[in-house]
Amino acid sequence: MEQTCKPLQKKWYDRVPPVLWVLGIIVVWFAIASRGHFFTISNFLNIAVQGSVLLVLSLGATCVILTEGIDLSLGSILTLGGVVAVLLMTRGVTPVLAMLAGVASGFFCGAITGLLIARGRLPPFIATLGMSGLGAGAAVVLTKASSVYADPAAFVFFGSGRLFGLLPMPIVVAALAFGAVYLILYHTPFGHYIFALGGNEVGAGLSGVNTAWWKLMTYFMAGGLGGVAGVLMAARLHAAEPTIGLRWEFDAIAATIIGGTSFEKGRGGIKGTVLGVLLLAVVRNGLNVIGIRPVYQALILGIVLIVAIIFDVVMKRRQEGL
Amino acid sequence: MEKTMPARIEARPLLADFVTRFSRLFMLALLCVFMAFVAPEFFRAANLLNVLRSASLLAILAIGQTIIVLTGGIDLSMGTVATLAAIMTAWLLDRAHVPVPLAMAAGLAVGAFSGSANGLMRAYIGLPTFVATYGTQWMAIGFAVVMLGGYNIYGFERSFRFFGIGRVAGIPVPIFLLVIVWLLTWFILNRTTFGRRLYATGANCEAARLSGIDTRRVLMQAHILSGLYAGFSGILMASLLNSGEAGMSDQQLLPAIAAVVVGGASLRGGQGGIFGTVIGALIMTLIGNAMNLMGLSSNWQSVVQGLVILGAVLLDQWSRRLIGQE
């Protein structure tokens, strides 16, 4: 019997998030294979910029998954947000207002899915799948299925400018979004309710939490983040494309899961999600930098994803002593 | 009072079953009536057979998806696995000049193999299906692109094209194939021990395991079976389009899931059947056809599909509430 007792003090390597091991190995491999082209400050900034849109989107995905839900409409919301912002700009609306409208369109979509899920009691998978069709369709209809371009100075600055001539704006936006969600998640009642919804929804309801309302708020927030991601994406490209967000919801969910957030019991958090997003961004960037032919990139990305996730699950089991 | 209780408990699910089935058929009928007024050419035999043929490919994929949904999972890799199977078959036919039956068997084997990979990751490693199948999706895309090496494959021999565009007694072959798959799956799900175990595992995995079912094995078998269907659907697609190209069946994934959902299978597992799924696939295909006939721009397609998914499920919930379930 005594052999089953575990020491209370965990070894240091058991406290490191599993995804960090994978990330570390990959970074070292790229650093060696690229003969110095990968391991440079400018390339790291590149990776951060490339990952920033996905991070904003993934923050929303993580919050929804923490409530044991899922949001398949995030990719469409991203597309729609960019389309709304750019279209308004081409009609002569002030850039700032147009960008806010893009974000607002995300909040609007999120409110509808939230209503369908919390009030209409639809399963999240179905409600957000339906919204994904609506959002993607609305974007295609609004743009008449072709790309729309806009380049007012403020808009371009938002996508590719540098704050104080130093920090690229997408990174600043992603950092601000992370900070805001971090505050909400860990320092407000709303955040506690998000974890409670995932941990034990019935229990939370019985102890007086208005579960329907906070569920609605979670999807509302995720939708808003999707809108921000969409405007950011459009600002980087100086354009809105009607299918740009296709499959992005899956990337966001994958980043969340790789980061150690679980579909069950409200376990995980947004710090892991940052690592998950980094892993995806690093692999995509690194494969290009070391010159892997595009033909093989999807295959390698798939393998890395699966290995990272399996490693996460196996390490967690080990860490919990199961 | 106590004596009447069991009777009522038994009666309710039966009624609910009837209503859910009925609400789907009702939607289908409504669509047809609507078409009769808006675009009478919808009812020409040629158009109907065309719709049924495209619905067949979608329905076969959706039946495979239903099997996974019944176990309480979801398979995101089905579209790309179908593509990979199609490309494997096309490659063997075109580049290696393998006989048609062998090439098709290889395509099916690709489907079964991908399914077994999903099953392995889900049942034995313990990944959520969503994640496991997402990874498989990328791997399948990757293999497909590598096999094609940047070129598409066009033009197959006649005996292979028969499966996609052939007709027997004036009726397209895929419709017959769908009926065969449908009957076979119905038999497997409702008349075999495996089928019963599958429903039990989907409804409550822990309870099924405690009552002596090897749930891991059941899940593994379910994924292999559904992989076979994905492969089959992909092969038919290659035969129909007379080509093998990257991404040919990828867009079928979401309509297939939508068909399952519109068909009334519960995403929590253990509830639903393939009859609803076939109706769902019909509805999804009909909508596309209806929009074409009415001259609506295809831009509106996904808006309408989204509305139909939401509408069907809301209708279902409303009808259940009406008869006092839930």
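Is A:Thr128 buried or exposed? At 0% relative accessibility, A:Thr128 counts as buried, because the threshold for that class is under 20%. I should say at the outset that the model under discussion is predicted. I shall begin with this threonine, remain in chain A for a few further residues, and then turn to chain B.

A:Thr128 belongs to helix α6 of chain A, which covers residues 124–143. Its side chain reaches the backbone nitrogen of A:Leu72 at 3.1 Å. If we leave aside neighbours within four places in sequence, A:Thr128 is in contact with A:Ile70, A:Asp71, A:Leu72 and A:Ser73, and also with A:Thr113, A:Ile117 and A:Tyr219. A:Leu72 therefore appears both as a contact of A:Thr128 and as the residue whose backbone nitrogen its side chain reaches.

The second residue in chain A is A:Leu54, placed in helix α3, residues 41–66. With 5% relative accessibility, A:Leu54 also counts as buried. Which residues does A:Leu54 contact, leaving aside neighbours within four places in sequence? They are A:Trp248, A:Asp251, A:Ala252, A:Val277 and A:Leu280. As a reference distance, the C-alpha atoms of A:Leu54 and A:Gly110 are separated by 18 Å, and these two residues are 56 residues apart along the chain.

Two loop residues of chain A deserve attention for their backbone angles. A:Ala145 has a phi near 60°, a positive value in a residue other than glycine. A:Ala145 sits in the loop between α6 and β1, the latter being residues 148–149 of chain A. Its relative accessibility is 44%, so A:Ala145 counts as partly exposed. A:Arg247 likewise is not a glycine and has a positive phi, of about 70°. This arginine is found in the loop between β4 (239–240) and α12 (248–258) of chain A. At 33% relative accessibility, A:Arg247 counts as partly exposed.

I turn now to chain B, and to its helices. Helix α5 of chain B, residues 129–148, has 20 residues. From its first C-alpha to its last it reaches 28 Å, close to the 28 Å expected at 1.5 Å a residue. Of those 20 residues, 15 are buried, and the helix is mostly covered. B:Gly149 follows α5(B), with a positive phi near 55°.

Helix α12 of chain B, residues 274–293, also has 20 residues, and its reach of 28 Å is close to the 28 Å expected. How many of the 20 residues of α12(B) are buried? The number is 16, so α12(B) is largely enclosed by the rest of the structure. The glycine that follows α12(B) is B:Gly295, whose phi is positive, near 75°.

A helix pair comes next. Two packed helices are described by the angle between their axes and the distance between the axes. In chain B, the axes of helix α7 (residues 173–191) and helix α8 (residues 193–203) come within 5 Å and cross at roughly 70°. That crossing makes α7(B) roughly perpendicular to α8(B). On the α7(B) side, the contact is made by B:Ile188, B:Leu189 and B:Asn190. On the α8(B) side, the residues are B:Phe194, B:Gly195, B:Arg196, B:Leu198 and B:Tyr199. Sorted by character, the residues of this contact divide into five nonpolar, two polar and one charged.

One residue of that contact, B:Leu198, is also touched by B:Thr71. B:Thr71 lies in the loop between α2 (45–70) and α3 (78–94) of chain B. At 6% relative accessibility, B:Thr71 counts as buried. Its side chain reaches the backbone oxygen of B:Ile68 at 2.6 Å. Not counting residues up to four places away in sequence, B:Thr71 touches B:Arg122, B:Gly202, B:Leu219 and B:Ala222 in addition to B:Leu198.

The final residue is B:Glu245, in the loop between β4 (243–244) and α11 (253–262) of chain B. Its relative accessibility of 25% means that B:Glu245 counts as partly exposed. The side chain of B:Glu245 makes a polar contact with the side chain of B:Ser243, at 2.9 Å. Leaving aside neighbours within four places in sequence, B:Glu245 is in contact with B:Thr83, B:Ile87, B:Leu148, B:Asn152 and B:Tyr154. Among these, B:Leu148 falls within α5(B), residues 129–148. B:Glu245 and B:Ala86 are 159 residues apart along the chain, and their C-alpha atoms are separated by 8.5 Å.

Notes:
Residues are numbered from 1 along each chain as its sequence is written. Chains are lettered from A and ligands numbered from 1 in the order in which they are written. This is a predicted model: local features need pLDDT of at least 70, side-chain atom pairs count only at pLDDT 80 or more; totals for chains, interfaces and linings use all residues. Side-chain values use heavy atoms; hydrogens and water are left out. Helices (H or I, at least four residues) and strands (E, at least two) are DSSP runs, numbered from the N terminus. The expected span of a helix is 1.5 Å times one less than its number of residues. Buried means under 20% relative accessible area, exposed over 50%, partly exposed in between (1.4 Å probe, protein chains only). Axes are lines fitted to C-alpha atoms, for helices over the stretch in contact, and angles run from 0 to 180 degrees between N-to-C directions. Angles under 35 degrees count as roughly parallel, over 145 as roughly antiparallel, 65 to 115 as roughly perpendicular and the rest as oblique. Contact means heavy atoms within 4.5 Å. Ala, Val, Leu, Ile, Met, Phe, Trp, Tyr, Cys and Pro count as nonpolar, Asp, Glu, Lys and Arg as charged, and the others, Gly among them, as polar. A polar contact is a pair of N or O atoms within 3.5 Å; within protein, one must be able to donate a hydrogen and the other to accept it, and residues adjacent in sequence count only if both atoms are side-chain atoms.
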